[in-house]
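Q: Please take a close look at one part of this structure, the lining of its pockets. I should also like the backbone and the aromatic rings to be set beside it in one connected account.

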Amino acid sequence: MNKVIMVVIDGLQYKVATSQMGYLNHLVELNKAASYKVKSELPSMSRPLYEVLLTGTPSSVNGITSNDTVRLSTQKSLFHLTKEFGMRNAATAFYWVSELYNQAPFDKFVDRHQADESKAIQYGSFYYDDFYPDSHLLLDAEALRRKHDPHFLYIHTMGVDNAGHLYGSDSKQYRKSAIKMDSYLAELIPLWSQEGYHIVITADHGMNTDGDHGGTGSDERDVPLFIIGERVKPGYHEQVIPQLAMAPFICQLLGISKSEVMIDYDFSGMIV
């Protein structure tokens, strides 16, 4: 079976990803990775876009219309699909992801660490503090990977978004947070590649200079997409990918059927 690690770097703007993340762009320059721009759905808010990335459906269809919509998703997510096809999945993510697919509202005493194969997310580690270190979160994910060998591992970090809200996108703190994330990934990507994973790195939304997001500006909607793996057509690509295509793209990499409501998209120019 194919295996995919999907890393969602919350709040990472496209132009900062392409100008500050040296290791990822090094892989692209050496034709070991592909780089695209993704146009996020609206509203460019976190919880609605988590649902977009994981179900391939827009807010007007899935009903997750704001960060205050606290309930289980009614859509079939990548977690549901991998389970249906006999695959294992795992996630390390902000607790809103647990609320969308496993249990809402989140109970930190019960839901912080989860291991229940009857749930959509079978193995999970969820944080609820915006300041939870990305370095620790990535090692939480690696521990889940080593213990459970998931076919689909979802990793969602918060440090870049937190720096953006505190200091704005045109700040040394925001740019430094992207550089730190790039450095953390530089330690793990060679290992994950050796273990046979396709690695997909993207963001939910970007960030504006006011330290916010939610609107229609390119700073808020344009996010990166780096893809690493044997089937990827490497290099920098001008093609702009709609965010609704991300979930069916993960299905394509995993070799499983997309849900009936995910969009049809021609991935022939992206993978072989």
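A: Helices and strands are here DSSP runs, numbered from the N terminus, with at least four residues (H or I) for a helix and at least two (E) for a strand. The model is a predicted one. In these terms, proline 43 lies in the loop between β2 (34-39) and α3 (46-55). Leucine 42 and proline 43 are joined by a cis peptide bond, with omega about -5°. A cis bond also runs from alanine 104 to proline 105, where omega is near 0°; proline 105 belongs to the loop between α6 (95-101) and α7 (108-111).

The pockets come next. The largest pocket has a volume of about 350 Å³. Seventeen residues line this pocket, and those closest to its centre are Asp134, Gly159, Ala163, Ser177 and Lys180. At least two lining residues come from each of α8 (134-148), α9 (159-167) and α10 (172-194), and α10 gives the largest share, with six residues. By class, the lining of the largest pocket comprises eight nonpolar, five polar and four charged residues.

Two of the contributing helices can be described further. In α9, the buried residues are Val160, Asp161, Asn162, Ala163 and Gly164. Their cover includes β1 (4-9), α8 and α10. Ala163 is thus one of the buried residues of α9 and also one of the residues closest to the centre of the largest pocket. Glycine 168 follows α9 and has a positive phi, near 85°. Within α10 lies isoleucine 179, which counts as partly exposed because its relative accessibility is 41%. Isoleucine 179 is separated from serine 19 by 160 residues in sequence, yet the two C-alpha atoms are 9.6 Å apart.

The second largest pocket holds about 280 Å³ of space. Its lining has 16 residues, and Ser193, Tyr197, Ile228, Gly229 and Glu230 are the closest to its centre. Both α2 (22-29) and α10 supply at least two lining residues; the largest share, three residues, again comes from α10. Seven nonpolar, five polar and four charged residues make up this second lining. Tyr197 has a further partner: the charged end of lysine 3 sits over the ring of tyrosine 197, 4.4 Å from its centre.

Two backbone positions adjoin this account. Asparagine 31, in the loop between α2 and β2, has a positive phi near 60°, although it is not a glycine; it counts as exposed because its relative accessible area is 51%. Aspartate 149 occupies the loop between α8 and β6 (152-157), and its phi is also positive, near 50°. With a relative accessibility of 35%, aspartate 149 counts as partly exposed.

Lastly, the aromatic rings. Twelve aromatic pairs are found in the whole structure. One of them joins tyrosine 265 and phenylalanine 267 in a tilted arrangement, with 5.2 Å between the centres and 50° between the planes. Tyrosine 265 is partly exposed at 25% relative accessibility, whereas phenylalanine 267 is buried at 6%. Elsewhere, Tyr50, Phe94, Tyr95, Trp96, Phe106, Tyr127 and Tyr132 form one aromatic cluster. Over the ring of tyrosine 132 sits the charged end of arginine 112, 5.3 Å from the ring centre.

Key: Residues numbered from 1 in each chain as written. Predicted model: local features only at pLDDT ≥ 70, side-chain atom pairs only at ≥ 80, totals over all residues. Heavy atoms only, no water. Phe/Tyr/Trp six-rings, centres within 6.5 Å; stacked < 30°, edge-to-face > 60°. Buried < 20%, exposed > 50% of the residue type's maximum accessible area, 1.4 Å probe, protein only. Lys NZ or Arg CZ within 6 Å of the ring centre and 35° of its normal. 1 Å grid on protein atoms, 1.4 Å probe; cavity = no way out; pocket = protein on both sides within 12 Å on 5 of 7 lines; lining within 4 Å. Points joined across faces, edges and corners; volume = space filled by probe spheres on them. Nonpolar A, V, L, I, M, F, W, Y, C, P; charged D, E, K, R; others polar. Contact = heavy atoms within 4.5 Å.
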